[in-house]
Amino acid sequence: MTRSPIQLPQARGFLQTQRTDYWWIQPILVLLGLGGFVVYSTWAAFQGCNYFIGGVDQPGVQRLLSPFYSPVLWDPPGIHSGHAWFGQLPSWWPAWMFFSPALLILPFPAGFRFTCYYYRGAYYKAFWGDPVNCAVGEPGFRGKNYRGEQKFPLIMQNIHRYFLYVAVVFIGLLSWDAFAALWHYNADGTRSFGVSVGSLVLILNPIFLSMYTFGCHCMRHFVGGKNDCLSCSMDGGGAYKKVTWLNQRHMLFAWISLFGVALTDIYVRMCANGTWSDWRIL
Amino acid sequence: MSTPTSQSKPVDESRSVQFRVWRGNKDGGEFVNYQVNVTEGMVLLDCVHRIQAEQAPDLACRWNCKAGKCGSCSAEINGKPSLMCMTRMDTLPKDKVVTVEPMRSFPSIRDLVTDVSWNFRVKKTIKPFKPRKPDNADGSWTMFQQDIDRVQEFRKCIECFLCQDVCHVIRDHQKADEFIGPRFLMYTAALEMHPLDTEDRVGDLKNRDGIGYCNITKCCTKVCPEHIGITDNAIIPMKERVVDQFYDPLTRLFRMFKGK
(Lines give C-alpha, C1' and ligand atoms only; values in the text may rest on other atoms or scores of the structure.)
Protein backbone atom coordinates (compact mmCIF):
# COMPACT_ATOMS: atom_id res chain seq x y z
CA MET A 1 0.00 0.00 0.00
CA THR A 2 1.30 3.44 -0.84
CA ARG A 3 -0.17 5.29 2.09
CA SER A 4 2.41 6.37 4.61
CA PRO A 5 2.10 5.19 8.21
CA ILE A 6 0.35 7.30 10.78
CA GLN A 7 1.79 8.14 14.17
CA LEU A 8 -1.18 7.53 16.40
CA PRO A 9 -1.60 8.99 19.88
CA GLN A 10 -1.12 6.65 22.82
CA ALA A 11 -4.11 4.36 23.30
CA ARG A 12 -5.99 4.83 26.54
CA GLY A 13 -5.87 2.36 29.39
CA PHE A 14 -8.55 -0.13 30.37
CA LEU A 15 -11.89 1.60 31.07
CA GLN A 16 -10.34 5.04 30.65
CA THR A 17 -12.75 7.45 29.03
CA GLN A 18 -14.02 11.01 29.25
CA ARG A 19 -17.58 9.82 28.75
CA THR A 20 -19.88 11.05 31.49
CA ASP A 21 -22.99 9.08 30.53
CA TYR A 22 -23.91 5.65 31.88
CA TRP A 23 -21.97 3.81 29.16
CA TRP A 24 -21.53 0.72 31.34
CA ILE A 25 -25.26 -0.05 31.54
CA GLN A 26 -25.58 -1.47 28.03
CA PRO A 27 -22.76 -4.04 28.26
CA ILE A 28 -23.93 -5.08 31.72
CA LEU A 29 -27.49 -5.63 30.46
CA VAL A 30 -26.18 -7.70 27.55
CA LEU A 31 -23.94 -9.64 29.92
CA LEU A 32 -26.86 -10.42 32.22
CA GLY A 33 -29.35 -11.11 29.41
CA LEU A 34 -27.14 -13.33 27.29
CA GLY A 35 -25.36 -14.87 30.25
CA GLY A 36 -28.67 -15.66 31.94
CA PHE A 37 -29.99 -17.26 28.78
CA VAL A 38 -26.87 -19.39 28.32
CA VAL A 39 -27.03 -20.59 31.94
CA TYR A 40 -30.76 -21.35 31.79
CA SER A 41 -30.70 -23.06 28.38
CA THR A 42 -27.72 -25.21 29.40
CA TRP A 43 -29.50 -26.21 32.59
CA ALA A 44 -32.72 -26.97 30.70
CA ALA A 45 -30.88 -28.95 28.03
CA PHE A 46 -29.25 -31.18 30.64
CA GLN A 47 -32.55 -31.95 32.38
CA GLY A 48 -33.61 -34.49 29.74
CA CYS A 49 -37.18 -34.54 31.13
CA ASN A 50 -40.26 -32.31 31.55
CA TYR A 51 -40.01 -31.13 27.95
CA PHE A 52 -43.53 -32.03 26.79
CA ILE A 53 -47.11 -32.48 27.88
CA GLY A 54 -50.16 -33.95 26.17
CA GLY A 55 -49.02 -37.49 25.46
CA VAL A 56 -51.45 -40.39 24.86
CA ASP A 57 -51.59 -40.91 28.60
CA GLN A 58 -52.75 -37.30 29.18
CA PRO A 59 -56.15 -37.08 27.45
CA GLY A 60 -57.56 -33.58 27.10
CA VAL A 61 -54.18 -31.90 27.48
CA GLN A 62 -52.85 -29.95 24.49
CA ARG A 63 -49.67 -31.38 22.96
CA LEU A 64 -46.88 -28.99 23.87
CA LEU A 65 -43.19 -29.55 23.16
CA SER A 66 -40.38 -27.34 24.43
CA PRO A 67 -38.53 -25.60 21.57
CA PHE A 68 -35.21 -26.49 23.22
CA TYR A 69 -36.03 -30.16 22.53
CA SER A 70 -37.53 -29.86 19.06
CA PRO A 71 -37.13 -31.90 16.95
CA VAL A 72 -36.91 -34.87 19.30
CA LEU A 73 -34.81 -37.48 17.52
CA TRP A 74 -34.93 -40.03 20.32
CA ASP A 75 -36.66 -40.05 23.67
CA PRO A 76 -34.52 -40.92 26.68
CA PRO A 77 -35.20 -44.36 28.20
CA GLY A 78 -38.55 -44.52 29.97
CA ILE A 79 -39.96 -41.36 28.37
CA HIS A 80 -42.58 -41.51 25.58
CA SER A 81 -43.21 -37.98 24.35
CA GLY A 82 -44.97 -38.99 21.15
CA HIS A 83 -42.76 -36.47 19.33
CA ALA A 84 -39.66 -38.62 18.80
CA TRP A 85 -38.82 -39.20 15.14
CA PHE A 86 -36.98 -42.46 15.76
CA GLY A 87 -38.55 -43.66 19.01
CA GLN A 88 -36.49 -44.66 21.99
CA LEU A 89 -32.77 -44.07 22.39
CA PRO A 90 -31.02 -46.78 20.33
CA SER A 91 -29.08 -49.55 22.00
CA TRP A 92 -25.81 -48.49 20.39
CA TRP A 93 -25.80 -45.29 22.44
CA PRO A 94 -23.04 -45.86 25.06
CA ALA A 95 -24.59 -46.47 28.48
CA TRP A 96 -22.00 -44.28 30.18
CA MET A 97 -22.78 -41.31 27.95
CA PHE A 98 -25.42 -38.91 29.24
CA PHE A 99 -28.28 -38.33 26.84
CA SER A 100 -30.77 -35.51 26.53
CA PRO A 101 -32.63 -34.86 23.26
CA ALA A 102 -31.85 -31.15 23.57
CA LEU A 103 -28.10 -31.69 23.39
CA LEU A 104 -28.45 -32.88 19.79
CA ILE A 105 -30.53 -29.87 18.84
CA LEU A 106 -29.33 -26.80 20.69
CA PRO A 107 -25.89 -26.49 19.00
CA PHE A 108 -27.62 -25.37 15.78
CA PRO A 109 -29.71 -22.44 17.07
CA ALA A 110 -26.86 -21.61 19.46
CA GLY A 111 -24.46 -21.48 16.50
CA PHE A 112 -26.87 -19.26 14.59
CA ARG A 113 -27.05 -16.77 17.43
CA PHE A 114 -23.36 -16.98 18.28
CA THR A 115 -22.36 -16.08 14.72
CA CYS A 116 -25.17 -13.51 14.23
CA TYR A 117 -23.84 -10.10 13.29
CA TYR A 118 -25.90 -8.36 15.95
CA TYR A 119 -24.91 -10.70 18.77
CA ARG A 120 -21.27 -10.61 17.74
CA GLY A 121 -21.10 -6.86 18.24
CA ALA A 122 -23.00 -7.18 21.51
CA TYR A 123 -21.02 -9.97 23.15
CA TYR A 124 -17.64 -8.72 21.95
CA LYS A 125 -18.39 -5.70 24.11
CA ALA A 126 -20.13 -7.35 27.04
CA PHE A 127 -18.05 -10.50 27.44
CA TRP A 128 -14.67 -9.69 25.92
CA GLY A 129 -14.46 -5.93 26.37
CA ASP A 130 -13.41 -5.50 22.77
CA PRO A 131 -14.25 -2.63 23.18
CA VAL A 132 -16.14 -2.37 26.48
CA ASN A 133 -18.16 0.37 24.85
CA CYS A 134 -17.56 3.04 22.22
CA ALA A 135 -14.65 5.36 23.07
CA VAL A 136 -13.87 3.48 26.28
CA GLY A 137 -10.35 2.10 26.76
CA GLU A 138 -9.78 -1.62 26.24
CA PRO A 139 -7.75 -4.13 28.20
CA GLY A 140 -4.18 -3.40 27.21
CA PHE A 141 -3.01 -6.99 26.58
CA ARG A 142 -4.54 -7.16 23.08
CA GLY A 143 -3.08 -3.97 21.73
CA LYS A 144 -1.59 -4.48 18.28
CA ASN A 145 -2.00 -8.26 18.62
CA TYR A 146 -5.70 -7.80 17.90
CA ARG A 147 -6.84 -10.22 15.20
CA GLY A 148 -10.54 -9.41 15.00
CA GLU A 149 -12.36 -11.60 12.52
CA GLN A 150 -9.52 -11.33 10.06
CA LYS A 151 -7.75 -14.44 11.32
CA PHE A 152 -8.40 -17.67 13.20
CA PRO A 153 -10.39 -18.31 15.36
CA LEU A 154 -12.96 -15.58 14.77
CA ILE A 155 -12.63 -15.89 11.01
CA MET A 156 -14.91 -18.89 11.58
CA GLN A 157 -17.77 -16.44 12.16
CA ASN A 158 -18.10 -16.43 8.39
CA ILE A 159 -19.92 -19.75 8.71
CA HIS A 160 -23.03 -17.80 9.77
CA ARG A 161 -24.94 -18.36 6.52
CA TYR A 162 -24.78 -22.14 7.00
CA PHE A 163 -26.37 -21.80 10.41
CA LEU A 164 -29.02 -19.64 8.72
CA TYR A 165 -29.93 -22.51 6.42
CA VAL A 166 -30.49 -24.75 9.44
CA ALA A 167 -32.35 -22.00 11.30
CA VAL A 168 -34.85 -21.72 8.45
CA VAL A 169 -35.49 -25.46 8.68
CA PHE A 170 -36.02 -25.06 12.42
CA ILE A 171 -38.66 -22.39 11.80
CA GLY A 172 -40.55 -25.01 9.82
CA LEU A 173 -40.15 -27.61 12.56
CA LEU A 174 -41.27 -25.24 15.30
CA SER A 175 -44.24 -24.16 13.18
CA TRP A 176 -45.21 -27.83 12.97
CA ASP A 177 -44.95 -28.03 16.77
CA ALA A 178 -47.24 -24.99 16.98
CA PHE A 179 -49.74 -26.78 14.76
CA ALA A 180 -49.44 -29.91 16.90
CA ALA A 181 -50.15 -27.77 19.98
CA LEU A 182 -53.65 -27.20 18.60
CA TRP A 183 -54.51 -30.85 19.18
CA HIS A 184 -54.97 -33.13 22.15
CA TYR A 185 -55.56 -36.81 22.68
CA ASN A 186 -58.93 -38.12 23.75
CA ALA A 187 -59.38 -41.02 26.14
CA ASP A 188 -60.01 -43.37 23.20
CA GLY A 189 -56.70 -42.43 21.56
CA THR A 190 -58.17 -40.19 18.85
CA ARG A 191 -57.12 -36.54 18.51
CA SER A 192 -59.27 -33.41 18.75
CA PHE A 193 -58.74 -29.77 18.02
CA GLY A 194 -58.32 -27.38 20.92
CA VAL A 195 -56.65 -24.15 21.93
CA SER A 196 -54.88 -23.44 25.20
CA VAL A 197 -52.59 -20.77 26.55
CA GLY A 198 -49.76 -23.16 25.71
CA SER A 199 -50.97 -23.39 22.11
CA LEU A 200 -50.76 -19.61 21.82
CA VAL A 201 -47.31 -19.60 23.42
CA LEU A 202 -46.09 -22.20 20.92
CA ILE A 203 -47.62 -20.22 18.02
CA LEU A 204 -45.96 -16.97 19.09
CA ASN A 205 -42.55 -18.60 19.42
CA PRO A 206 -41.95 -19.39 15.70
CA ILE A 207 -43.43 -16.03 14.73
CA PHE A 208 -40.84 -14.20 16.86
CA LEU A 209 -38.10 -16.52 15.63
CA SER A 210 -39.13 -15.85 12.03
CA MET A 211 -38.96 -12.09 12.57
CA TYR A 212 -35.42 -12.58 13.82
CA THR A 213 -34.27 -15.23 11.33
CA PHE A 214 -35.68 -13.62 8.19
CA GLY A 215 -34.17 -10.28 9.17
CA CYS A 216 -30.69 -11.79 9.27
CA HIS A 217 -27.96 -9.91 7.41
CA CYS A 218 -27.14 -13.04 5.40
CA MET A 219 -30.77 -13.34 4.34
CA ARG A 220 -30.67 -9.71 3.23
CA HIS A 221 -27.59 -10.55 1.20
CA PHE A 222 -29.25 -13.54 -0.46
CA VAL A 223 -32.50 -11.82 -1.41
CA GLY A 224 -30.80 -8.97 -3.23
CA GLY A 225 -27.97 -7.42 -1.24
CA LYS A 226 -25.39 -9.33 -3.25
CA ASN A 227 -26.62 -7.76 -6.49
CA ASP A 228 -25.75 -4.27 -7.67
CA CYS A 229 -29.02 -4.14 -9.57
CA LEU A 230 -31.93 -4.63 -7.18
CA SER A 231 -34.56 -3.95 -9.82
CA CYS A 232 -33.19 -6.80 -11.93
CA SER A 233 -34.28 -9.47 -9.45
CA MET A 234 -37.39 -11.52 -10.24
CA ASP A 235 -39.54 -9.77 -7.66
CA GLY A 236 -38.19 -6.32 -8.47
CA GLY A 237 -36.54 -5.98 -5.08
CA GLY A 238 -39.70 -6.61 -3.03
CA ALA A 239 -38.14 -9.31 -0.87
CA TYR A 240 -35.08 -7.14 -0.26
CA LYS A 241 -37.29 -4.32 1.01
CA LYS A 242 -39.17 -6.63 3.37
CA VAL A 243 -36.01 -8.24 4.73
CA THR A 244 -34.47 -4.78 5.13
CA TRP A 245 -37.45 -3.74 7.25
CA LEU A 246 -36.87 -6.71 9.51
CA ASN A 247 -33.11 -6.19 9.45
CA GLN A 248 -33.51 -2.63 10.73
CA ARG A 249 -35.19 -4.16 13.79
CA HIS A 250 -32.81 -7.11 14.05
CA MET A 251 -31.66 -6.27 17.56
CA LEU A 252 -35.25 -5.95 18.80
CA PHE A 253 -36.31 -9.29 17.33
CA ALA A 254 -33.07 -10.91 18.49
CA TRP A 255 -33.97 -10.16 22.11
CA ILE A 256 -37.71 -10.80 21.79
CA SER A 257 -37.12 -14.19 20.19
CA LEU A 258 -34.37 -15.07 22.67
CA PHE A 259 -36.59 -14.44 25.67
CA GLY A 260 -39.54 -15.89 23.77
CA VAL A 261 -37.90 -19.25 23.28
CA ALA A 262 -36.73 -19.36 26.91
CA LEU A 263 -40.18 -18.42 28.23
CA THR A 264 -41.78 -21.05 26.01
CA ASP A 265 -39.51 -23.68 27.51
CA ILE A 266 -40.30 -22.41 31.01
CA TYR A 267 -44.04 -22.55 30.31
CA VAL A 268 -43.91 -26.14 29.02
CA ARG A 269 -41.54 -27.19 31.80
CA MET A 270 -43.79 -25.76 34.50
CA CYS A 271 -46.78 -27.54 32.97
CA ALA A 272 -44.83 -30.78 32.73
CA ASN A 273 -43.58 -30.76 36.31
CA GLY A 274 -46.97 -29.83 37.68
CA THR A 275 -46.18 -26.31 38.87
CA TRP A 276 -49.18 -25.10 36.87
CA SER A 277 -51.64 -26.50 34.35
CA ASP A 278 -52.11 -25.45 30.76
CA TRP A 279 -55.40 -23.53 30.62
CA ARG A 280 -57.69 -24.67 27.81
CA ILE A 281 -59.46 -21.79 26.04
CA LEU A 282 -61.32 -23.86 23.42
CA MET B 1 -61.01 43.11 26.57
CA SER B 2 -57.41 42.81 27.56
CA THR B 3 -54.63 44.35 25.53
CA PRO B 4 -52.79 41.84 23.26
CA THR B 5 -49.38 41.00 24.61
CA SER B 6 -46.35 39.35 23.12
CA GLN B 7 -46.66 35.53 23.12
CA SER B 8 -42.94 34.82 22.67
CA LYS B 9 -41.50 31.92 24.68
CA PRO B 10 -39.66 32.84 27.84
CA VAL B 11 -35.95 32.95 27.17
CA ASP B 12 -33.62 30.93 29.42
CA GLU B 13 -31.37 33.14 31.38
CA SER B 14 -27.71 32.75 30.63
CA ARG B 15 -25.89 30.30 32.83
CA SER B 16 -22.25 29.89 33.54
CA VAL B 17 -20.74 26.61 32.36
CA GLN B 18 -17.29 25.32 33.12
CA PHE B 19 -15.31 23.84 30.24
CA ARG B 20 -12.23 21.62 30.29
CA VAL B 21 -10.55 22.16 26.95
CA TRP B 22 -7.53 20.16 25.89
CA ARG B 23 -4.62 22.45 25.05
CA GLY B 24 -1.43 21.08 23.58
CA ASN B 25 0.29 19.61 20.55
CA LYS B 26 1.84 16.33 19.42
CA ASP B 27 4.34 16.46 22.27
CA GLY B 28 1.64 16.55 24.93
CA GLY B 29 -0.80 18.85 26.61
CA GLU B 30 -3.28 19.29 29.41
CA PHE B 31 -6.85 20.24 30.12
CA VAL B 32 -7.38 23.95 30.82
CA ASN B 33 -10.51 25.22 32.56
CA TYR B 34 -12.63 28.05 31.16
CA GLN B 35 -15.86 29.58 32.41
CA VAL B 36 -18.35 30.62 29.71
CA ASN B 37 -21.74 32.29 29.87
CA VAL B 38 -24.11 30.13 27.83
CA THR B 39 -27.37 31.47 26.48
CA GLU B 40 -30.30 29.78 24.76
CA GLY B 41 -29.62 28.33 21.33
CA MET B 42 -25.86 28.12 21.67
CA VAL B 43 -23.99 25.14 20.32
CA LEU B 44 -20.67 23.97 21.64
CA LEU B 45 -18.77 25.58 18.79
CA ASP B 46 -20.20 28.96 19.89
CA CYS B 47 -18.74 28.36 23.32
CA VAL B 48 -15.33 27.52 21.88
CA HIS B 49 -15.50 30.70 19.81
CA ARG B 50 -16.45 32.66 22.92
CA ILE B 51 -13.43 31.21 24.71
CA GLN B 52 -11.29 32.25 21.73
CA ALA B 53 -12.78 35.74 21.71
CA GLU B 54 -12.68 36.45 25.42
CA GLN B 55 -10.11 34.27 27.11
CA ALA B 56 -7.77 32.33 24.84
CA PRO B 57 -7.20 33.90 21.42
CA ASP B 58 -4.54 31.30 20.66
CA LEU B 59 -6.94 28.35 21.08
CA ALA B 60 -6.77 26.37 17.80
CA CYS B 61 -9.98 24.89 16.43
CA ARG B 62 -10.96 23.87 12.90
CA TRP B 63 -14.40 24.87 11.66
CA ASN B 64 -16.12 26.10 8.56
CA CYS B 65 -19.86 25.85 7.85
CA LYS B 66 -21.33 25.65 11.35
CA ALA B 67 -24.19 23.70 9.83
CA GLY B 68 -23.05 20.10 10.16
CA LYS B 69 -22.15 19.78 6.52
CA CYS B 70 -18.44 20.46 6.18
CA GLY B 71 -17.20 17.93 8.73
CA SER B 72 -14.47 20.23 10.04
CA CYS B 73 -15.29 20.70 13.71
CA SER B 74 -15.04 17.07 14.81
CA ALA B 75 -14.03 16.68 18.44
CA GLU B 76 -14.76 14.60 21.50
CA ILE B 77 -17.33 16.18 23.75
CA ASN B 78 -17.67 14.58 27.15
CA GLY B 79 -15.81 11.65 25.62
CA LYS B 80 -18.17 11.17 22.68
CA PRO B 81 -16.96 11.86 19.15
CA SER B 82 -19.28 14.61 17.88
CA LEU B 83 -19.45 17.69 15.71
CA MET B 84 -19.06 20.78 17.86
CA CYS B 85 -21.45 22.76 15.66
CA MET B 86 -24.22 20.17 16.03
CA THR B 87 -23.97 19.78 19.79
CA ARG B 88 -26.56 22.03 21.36
CA MET B 89 -25.60 23.13 24.85
CA ASP B 90 -29.06 22.30 26.16
CA THR B 91 -28.45 18.63 25.30
CA LEU B 92 -25.46 18.41 27.64
CA PRO B 93 -25.92 17.79 31.36
CA LYS B 94 -26.52 21.09 33.11
CA ASP B 95 -24.32 22.13 36.05
CA LYS B 96 -21.57 19.73 35.01
CA VAL B 97 -18.16 20.40 33.55
CA VAL B 98 -18.04 19.96 29.77
CA THR B 99 -14.92 18.26 28.46
CA VAL B 100 -13.75 19.12 24.96
CA GLU B 101 -10.79 17.34 23.40
CA PRO B 102 -9.54 16.62 19.90
CA MET B 103 -10.21 13.36 18.08
CA ARG B 104 -8.04 10.85 19.91
CA SER B 105 -7.31 8.58 16.96
CA PHE B 106 -5.34 11.11 14.94
CA PRO B 107 -2.07 12.90 15.61
CA SER B 108 -2.51 16.21 17.34
CA ILE B 109 -1.47 19.37 15.54
CA ARG B 110 -2.55 21.84 18.15
CA ASP B 111 -5.34 22.06 20.73
CA LEU B 112 -8.53 20.79 19.05
CA VAL B 113 -6.97 20.40 15.61
CA THR B 114 -5.76 17.00 14.45
CA ASP B 115 -3.94 15.76 11.39
CA VAL B 116 -6.48 13.75 9.40
CA SER B 117 -4.38 13.54 6.21
CA TRP B 118 -3.95 9.78 6.65
CA ASN B 119 -7.57 9.44 5.58
CA PHE B 120 -6.95 11.16 2.28
CA ARG B 121 -3.96 8.95 1.60
CA VAL B 122 -6.07 5.87 2.28
CA LYS B 123 -8.76 7.10 -0.07
CA LYS B 124 -6.29 7.34 -2.93
CA THR B 125 -5.45 3.65 -2.62
CA ILE B 126 -9.04 2.51 -3.34
CA LYS B 127 -9.73 1.53 -6.94
CA PRO B 128 -11.73 4.33 -8.56
CA PHE B 129 -15.13 4.15 -10.22
CA LYS B 130 -15.03 2.22 -13.49
CA PRO B 131 -18.36 2.41 -15.32
CA ARG B 132 -19.55 -0.08 -17.89
CA LYS B 133 -19.95 0.99 -21.50
CA PRO B 134 -22.80 3.49 -21.99
CA ASP B 135 -26.22 1.94 -22.49
CA ASN B 136 -27.41 4.50 -24.97
CA ALA B 137 -26.09 5.94 -28.22
CA ASP B 138 -25.76 9.41 -26.71
CA GLY B 139 -23.24 8.08 -24.18
CA SER B 140 -25.61 7.97 -21.24
CA TRP B 141 -26.68 5.13 -18.96
CA THR B 142 -30.07 3.94 -17.82
CA MET B 143 -30.47 3.47 -14.10
CA PHE B 144 -33.40 3.11 -11.74
CA GLN B 145 -33.66 5.10 -8.55
CA GLN B 146 -34.21 1.88 -6.60
CA ASP B 147 -30.77 0.65 -7.68
CA ILE B 148 -29.00 3.81 -6.66
CA ASP B 149 -30.77 4.36 -3.32
CA ARG B 150 -28.24 2.30 -1.36
CA VAL B 151 -25.29 4.19 -2.78
CA GLN B 152 -26.91 7.57 -2.26
CA GLU B 153 -27.12 6.93 1.47
CA PHE B 154 -23.33 6.59 1.58
CA ARG B 155 -22.89 9.78 -0.42
CA LYS B 156 -24.32 11.75 2.50
CA CYS B 157 -20.95 11.28 4.21
CA ILE B 158 -19.35 14.63 5.06
CA GLU B 159 -15.97 13.10 5.89
CA CYS B 160 -15.88 14.34 9.44
CA PHE B 161 -13.94 11.13 10.30
CA LEU B 162 -15.77 10.69 13.60
CA CYS B 163 -16.35 7.06 12.59
CA GLN B 164 -12.63 6.60 12.05
CA ASP B 165 -11.98 8.25 15.40
CA VAL B 166 -14.30 6.02 17.40
CA CYS B 167 -13.36 2.76 15.67
CA HIS B 168 -11.47 0.71 18.26
CA VAL B 169 -9.43 -1.05 15.58
CA ILE B 170 -7.68 2.26 14.89
CA ARG B 171 -8.15 3.90 18.27
CA ASP B 172 -7.16 1.10 20.61
CA HIS B 173 -5.44 -1.47 18.40
CA GLN B 174 -3.65 1.07 16.22
CA LYS B 175 -4.15 -1.00 13.08
CA ALA B 176 -4.08 1.99 10.76
CA ASP B 177 -1.48 0.30 8.59
CA GLU B 178 -3.68 -2.77 7.99
CA PHE B 179 -7.21 -1.40 8.25
CA ILE B 180 -8.84 1.41 6.28
CA GLY B 181 -11.59 2.16 8.81
CA PRO B 182 -15.37 2.46 8.50
CA ARG B 183 -15.32 5.59 6.38
CA PHE B 184 -13.42 3.86 3.60
CA LEU B 185 -15.13 0.53 3.93
CA MET B 186 -18.29 2.52 3.25
CA TYR B 187 -16.63 4.42 0.42
CA THR B 188 -15.62 1.09 -1.13
CA ALA B 189 -19.17 -0.20 -0.63
CA ALA B 190 -20.54 2.85 -2.45
CA LEU B 191 -18.35 2.06 -5.44
CA GLU B 192 -18.81 -1.70 -5.25
CA MET B 193 -22.62 -1.54 -5.05
CA HIS B 194 -22.93 1.03 -7.81
CA PRO B 195 -25.01 -0.46 -10.62
CA LEU B 196 -22.70 0.93 -13.31
CA ASP B 197 -19.39 0.00 -11.73
CA THR B 198 -17.43 -2.94 -13.15
CA GLU B 199 -14.36 -2.93 -10.89
CA ASP B 200 -13.79 -5.69 -8.33
CA ARG B 201 -12.58 -4.48 -4.91
CA VAL B 202 -13.64 -7.46 -2.84
CA GLY B 203 -10.17 -9.00 -2.89
CA ASP B 204 -8.66 -5.73 -1.69
CA LEU B 205 -11.22 -5.52 1.10
CA LYS B 206 -10.15 -8.90 2.42
CA ASN B 207 -6.43 -8.89 1.78
CA ARG B 208 -5.32 -5.29 1.97
CA ASP B 209 -8.00 -3.19 3.62
CA GLY B 210 -8.60 -5.48 6.61
CA ILE B 211 -12.38 -5.70 6.58
CA GLY B 212 -12.06 -8.73 8.85
CA TYR B 213 -10.74 -6.52 11.63
CA CYS B 214 -14.18 -4.93 11.95
CA ASN B 215 -16.01 -6.77 14.71
CA ILE B 216 -19.31 -4.98 14.19
CA THR B 217 -19.48 -2.97 17.39
CA LYS B 218 -21.47 -0.32 15.48
CA CYS B 219 -19.69 2.56 17.19
CA CYS B 220 -19.15 4.14 13.76
CA THR B 221 -22.89 4.08 13.10
CA LYS B 222 -23.66 5.57 16.51
CA VAL B 223 -21.44 8.63 16.06
CA CYS B 224 -22.27 9.37 12.41
CA PRO B 225 -23.80 12.87 12.28
CA GLU B 226 -25.50 12.00 8.98
CA HIS B 227 -27.09 8.90 10.53
CA ILE B 228 -25.74 6.62 7.83
CA GLY B 229 -26.18 2.91 8.55
CA ILE B 230 -22.45 2.34 8.11
CA THR B 231 -22.32 -1.10 9.71
CA ASP B 232 -25.59 -2.61 8.56
CA ASN B 233 -25.79 -1.11 5.09
CA ALA B 234 -22.15 -0.91 4.05
CA ILE B 235 -19.70 -2.98 6.09
CA ILE B 236 -21.77 -6.12 6.66
CA PRO B 237 -22.90 -6.33 3.01
CA MET B 238 -19.23 -6.06 2.03
CA LYS B 239 -18.31 -8.76 4.56
CA GLU B 240 -20.95 -10.97 2.95
CA ARG B 241 -19.46 -10.37 -0.49
CA VAL B 242 -16.06 -11.33 0.90
CA VAL B 243 -17.63 -14.54 2.23
CA ASP B 244 -19.15 -15.21 -1.20
CA GLN B 245 -15.83 -14.83 -2.91
CA PHE B 246 -13.42 -16.42 -0.44
CA TYR B 247 -15.02 -18.45 2.33
CA ASP B 248 -18.23 -20.08 1.11
CA PRO B 249 -17.48 -23.29 -0.81
CA LEU B 250 -21.08 -23.62 -2.04
CA THR B 251 -21.13 -20.14 -3.56
CA ARG B 252 -17.75 -20.75 -5.16
CA LEU B 253 -19.01 -24.02 -6.61
CA PHE B 254 -22.15 -22.33 -7.87
CA ARG B 255 -20.08 -19.59 -9.46
CA MET B 256 -17.84 -22.16 -11.10
CA PHE B 257 -20.82 -23.85 -12.74
CA LYS B 258 -22.23 -20.51 -13.85
CA GLY B 259 -18.85 -19.72 -15.35
CA LYS B 260 -18.29 -16.50 -13.38
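# A tour of a two-chain predicted model

Start in chain A: the buried residues of helix H3(A) pack against H4 and against helix H5 (160-180) of chain A. Keep in mind throughout that this is a predicted model.

**Stop 1: helix H3 of chain A.** Select residues 107-114 of chain A, which form helix H3. Which residues of this helix are buried? They are A:Pro109, A:Phe112 and A:Arg113. Now look down the axis of H3(A): the buried residues fall within an arc of 95 degrees, so they line one face of the helix.

**Stop 2: where chain A meets chain B.** Move on to helix H4 of chain A, residues 117-126. This helix packs against the buried residues of H3(A), and it also has a part in the contact between the two chains. That contact takes 46 residues from chain A and 53 residues from chain B. Select helix H7 (217-225) of chain A as well; H4(A) and H7(A) each supply at least two residues of the side of chain A that touches chain B. Which helix gives the most to that side? H4(A) does, with five residues. Colour the side of chain A that touches chain B by residue type, and the split is 16 nonpolar, 18 polar and 12 charged.

**Stop 3: two helices that cross.** Select residues 25-47 and residues 250-272 of chain A, which are helices H1 and H9. Their axes come within 11 Å and cross at roughly 35 degrees. H1(A) passes H9(A) in a left-handed crossing. To see the contact, show the side chains of A:Phe37, A:Tyr40, A:Ser41 and A:Ala44 on H1(A), then those of A:Leu258, A:Ala262, A:Asp265 and A:Arg269 on H9(A). Of the residues in this contact, five are nonpolar, one is polar and two are charged.

**Stop 4: a glycine in a loop.** Select A:Gly194, in the loop between strand S4 (191-193) and helix H6 (197-213) of chain A. This glycine is partly exposed, with 18 other C-beta atoms within 10 Å; a buried residue would need 20 or more. What does A:Gly194 touch, leaving out residues up to four places away in sequence? The answer is A:Gln62, A:Leu182, A:Trp183, A:His184, A:Arg280 and A:Leu282. For a distance to try in the viewer, pick the C-alpha atoms of A:Gly194 and A:Pro71: the two residues are 123 residues apart along the chain, and these atoms are separated by 22 Å.

**Stop 5: chain B as a whole.** Hide chain A and display chain B, with its 10 helices and seven strands. The radius of gyration of chain B is 23 Å, well over the 18 Å that the globule rule gives for 260 residues, so the chain is more spread out than a compact globule. The C-alpha trace spans about 80 × 65 × 35 Å along its principal axes. Of the 260 residues of chain B, 43% count as buried. Among contacts in chain B between residues at least 6 apart in sequence, 63% join residues at least 24 apart.

**Stop 6: helix H1 of chain B.** Finish by selecting residues 44-54 of chain B. The buried residues of this helix are B:Leu44, B:Leu45, B:Cys47, B:Val48 and B:Ile51. They cover an arc of only 160 degrees around the axis, which puts them on the same side of H1(B). Turn to the other side of H1(B), where B:Ala53 and B:Glu54 are exposed. What covers the buried residues of H1(B)? The cover includes strands S1 (15-25), S2 (28-38), S3 (74-77) and S5 (98-101) of chain B.

Definitions and conventions
Residues are numbered from 1 along each chain as its sequence is written. Chains are lettered from A and ligands numbered from 1 in the order in which they are written. This is a predicted model: local features need pLDDT of at least 70, side-chain atom pairs count only at pLDDT 80 or more; totals for chains, interfaces and linings use all residues. Two residues are in contact if their C-beta atoms, placed from the backbone, lie within 7 Å. Helices (H or I, at least four residues) and strands (E, at least two) are DSSP runs, numbered from the N terminus. Ala, Val, Leu, Ile, Met, Phe, Trp, Tyr, Cys and Pro count as nonpolar, Asp, Glu, Lys and Arg as charged, and the others, Gly among them, as polar. Axes are lines fitted to C-alpha atoms, for helices over the stretch in contact, and angles run from 0 to 180 degrees between N-to-C directions. A crossing is left-handed if the near helix is turned anticlockwise from the far one by less than a right angle, and right-handed if clockwise. The radius of gyration is taken over C-alpha atoms; the globule rule is 2.2 Å times the number of residues to the power 0.38. A residue is buried if 20 or more other C-beta atoms lie within 10 Å of its own, exposed if 12 or fewer, and partly exposed in between; C-beta atoms are placed from the backbone. The arc is that of the directions from the helix axis to the C-beta atoms.
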